[in-house]
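The following exercises concern a single protein model with a bound ligand. Each task is followed by a solution that proceeds step by step.

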Amino acid sequence: MKVLMLNGSAHTHGNTYIALEEIGKTLKEEGIDYEIFQIGGKPVRDCIGCGQCTEKGCVFDDDAVNEFVAKAKEADGFVFGTPVYYAHPSGRVQSFLDRVFYSSGRNFACKPGAAVAVARRGGCSASFDVMNKYFGISQMPVAGSTYWNSVHGRTQGEASQDEEGLQTMRNLARNMAWMMKCFEAGKEKGILPPTAERTHMTNFIR
Ligand SMILES: Cc1cc2nc3c(=O)[nH]c(=O)nc-3n(C[C@H](O)[C@H](O)[C@H](O)COP(=O)(O)O)c2cc1C
């Protein structure tokens, strides 16, 4: 089993990476593979609502969105990490995930997810709330920890001094590993993920 993580910071080895690596190391101890997908510093398009999404994902193929979608199809769990910018997730991570989920949300259904927010000081729980919205609308069970998933640090590497933050990451990883193993054991016993009803789409309430 494998967890696909997204580092929503342009800093490849910044504080968000430190938080995700702590999760990854703990997943490994639990016998679960992981990959940290780097969003990088190149431009990321916003969703333009063109409705032209394909089996491959987004109609725009000039950034890493569809590469991430291809990996998501094979993954069994997800962690999305973001630095906090003005008390919200980074603009690039929101643009990226809007397009991933609008085009390919079905690939995430019934696989556990968790969000991680990294900041100098403030805005972690607001960012965490935004990131968690992707899970609720996509039939994804959310893995929790012993605090809302946040790690503190400003300059590169500072997050490694946040003992409680890193402890929260390790507990999150253990909870996610446990959920994944339970789901796998359930499948082996014939307990399959439910098929969602999709017959109604009411755009406003009369
Ligand atoms: C544009 C911008 C806005 C920021 N806004 C906040 C903020 O609202 N609250 C905060 O505590 N830190 C804020 N920070 C600091 C970053 O969240 C912090 O340095 C974080 O560790 C960066 O993670 P990274 O190393 O993975 O990029 C901001 C940084 C930038 C560049």
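**Exercise 1. The surroundings of a helix**

How many of the 15 residues of α1 are buried?

Solution. The structure is a predicted model. Buried here means under 20% relative accessible area.

Step 1. By that cut-off, 11 of the 15 residues of α1 are buried, so the helix is largely enclosed by the rest of the structure.

Step 2. Among the buried residues are Asn 15, Thr 16, Ile 18, Ala 19 and Leu 20. Glu 21 and Glu 22 also belong to this set.

Step 3. The cover over these buried residues includes the strands β1 (2-7), β2, β3 (77-85), β5 (113-119) and β6 (150-152), as well as the helix α5 (163-188).

**Exercise 2. The span of the same helix**

Compare the expected span of α1 with the distance between its end C-alpha atoms.

Solution.

Step 1. The expected span is 1.5 Å times one less than the number of residues. For the 15 residues of α1 this gives 21 Å.

Step 2. The end C-alpha atoms of α1 are 22 Å apart, which agrees with the expectation.

Step 3. Just after α1, Gly 31 adopts a positive phi of about 80 degrees.

**Exercise 3. Salt bridges**

Describe the salt bridge between Lys 25 and Glu 22, then examine further pairs.

Solution. The criterion is a side-chain nitrogen of Lys or Arg within 4 Å of a carboxyl oxygen of Asp or Glu. Under this criterion the count is 10 salt bridges.

Step 1. Lys 25 and Glu 22 satisfy the criterion, with an N to O distance of 3.4 Å. They lie 3 residues apart in helix α1 (residues 15-29), and therefore about one helical turn separates them.

Step 2. Lys 25 is partly exposed, at 45% relative accessibility, whereas Glu 22 is buried, at 13%.

Step 3. A salt bridge also joins Asp 33 to Lys 28, at 3.1 Å from N to O. Asp 33 is partly exposed, with a relative accessible area of 40%.

Step 4. Arg 45 and Asp 62 form a salt bridge of 3.0 Å, N to O. This pair links distant parts of the chain: both residues lie in the loop between β2 (33-38) and α2 (65-74), 17 residues apart. Arg 45 is partly exposed at 35%, and Asp 62 is exposed at 52%.

Step 5. Salt bridges with shared partners connect Lys 2, Glu 35 and Lys 71 into one network.

**Exercise 4. Positive phi in a loop**

Is Tyr 86, which has a positive phi, buried or exposed?

Solution.

Step 1. Tyr 86 has a positive phi of about 50 degrees, although it is not a glycine. Its location is the loop between β3 and β4 (88-89).

Step 2. Tyr 86 is exposed, with a relative accessible area of 82%.

Step 3. Ala 87, likewise not a glycine, has a positive phi of about 65 degrees. Ala 87 is in the loop between β3 and β4 and is partly exposed, at 40% relative accessibility.

**Exercise 5. The ligand shell**

Which of the 17 residues around the ligand come nearest?

Solution.

Step 1. The nearest are Ser 9, Thr 16, Arg 121, Gly 122 and Gly 153.

Step 2. Polar side-chain atoms of Ser 9 and His 11 lie 2.6 Å and 2.8 Å, respectively, from an oxygen atom of the ligand. A polar backbone atom of Gly 122 is 2.7 Å from a ligand nitrogen atom.

Step 3. Alone, the ligand exposes 640 Å², and the protein buries 75% of that area.

Step 4. α1, β3 and β5 each give two or more residues to the shell. The largest share, 3 residues, comes from β3.

Notes
Residues are numbered from 1 along each chain as its sequence is written. This is a predicted model: local features need pLDDT of at least 70, side-chain atom pairs count only at pLDDT 80 or more; totals for chains, interfaces and linings use all residues. Side-chain values use heavy atoms; hydrogens and water are left out. Helices (H or I, at least four residues) and strands (E, at least two) are DSSP runs, numbered from the N terminus. Buried means under 20% relative accessible area, exposed over 50%, partly exposed in between (1.4 Å probe, protein chains only). Contact means heavy atoms within 4.5 Å. A residue is near a molecule or strand if one of its heavy atoms lies within 4 Å of it. A polar contact is a pair of N or O atoms within 3.5 Å; within protein, one must be able to donate a hydrogen and the other to accept it, and residues adjacent in sequence count only if both atoms are side-chain atoms. Accessible areas come from the Shrake-Rupley method with a 1.4 Å probe; for residues, only the protein chains shown count as cover.
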